[in-house]
Amino acid sequence: MKATLSFRALAITLFIALTVSYLLCIAGDLLFGWTTLKALAPFLPGFAWPLTAGGFLIGLVWIAACSVYSAALIAFPYNYLVKREPSA
């Protein structure tokens, strides 16, 4: 039988990867004056620049929600198709 994807592991992995990217974007904007967060703002409703504590936390909440949603879009259909495929 083929291996299935763990929804929980995939969601946590996506959350960690997106959080690291988010923190690097914030650090780059604060330290070097990059404009990456201005490009991300439309995708993170409630996030505002200049950075506030509330905006930062809202960004993390949206990242968590997007991680769970993306993991569901990947893991559930994949696991369904793997279980449905006849064994050779």
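## A quick tour, starting at glutamate 85

Select glutamate 85 to begin: with a relative accessible area of 41%, this residue counts as partly exposed, because that value falls between the 20% limit for buried and the 50% limit for exposed. Keep in mind as you click around that this is a predicted model. Glutamate 85 sits in the segment after α3. Now add lysine 2 to your selection. Along the sequence, glutamate 85 and lysine 2 are 83 residues apart, yet their C-alpha atoms are 9.3 Å apart in space.

Next stop, the core. Select Tyr22, Cys25, Ile26, Leu37, Leu44, Phe47 and Ile63, and you have the largest nonpolar core, 7 residues in all. Helix α1, residues 7–32, gives the largest share of this core, with 3 residues.

Stay with isoleucine 26 for a moment. Which residues is it in contact with, leaving aside neighbours within four places in sequence? Show Leu37, Leu51 and Phe56, and you have them.

Last, the largest pocket, which has a volume of about 190 Å³. To see its lining, select Leu18, Ser21, Tyr22, Cys25, Leu40, Phe43, Leu44, Trp62, Ile63 and Cys66. Try colouring by helix here: α1 and α3 (53–84) each supply at least two of the lining residues, and the largest share, 4 residues, comes from α1. Then switch to colouring by residue type. How many of the lining residues are nonpolar, polar or charged? The split is 9 nonpolar, 1 polar and no charged.

Notes
Residues numbered from 1 in each chain as written. Predicted model: local features only at pLDDT ≥ 70, side-chain atom pairs only at ≥ 80, totals over all residues. Heavy atoms only, no water. Core = buried A, V, L, I, M, F, W, Y, C linked by side-chain atoms within 4.5 Å. Buried < 20%, exposed > 50% of the residue type's maximum accessible area, 1.4 Å probe, protein only. Contact = heavy atoms within 4.5 Å. 1 Å grid on protein atoms, 1.4 Å probe; cavity = no way out; pocket = protein on both sides within 12 Å on 5 of 7 lines; lining within 4 Å. Points joined across faces, edges and corners; volume = space filled by probe spheres on them. Nonpolar A, V, L, I, M, F, W, Y, C, P; charged D, E, K, R; others polar.
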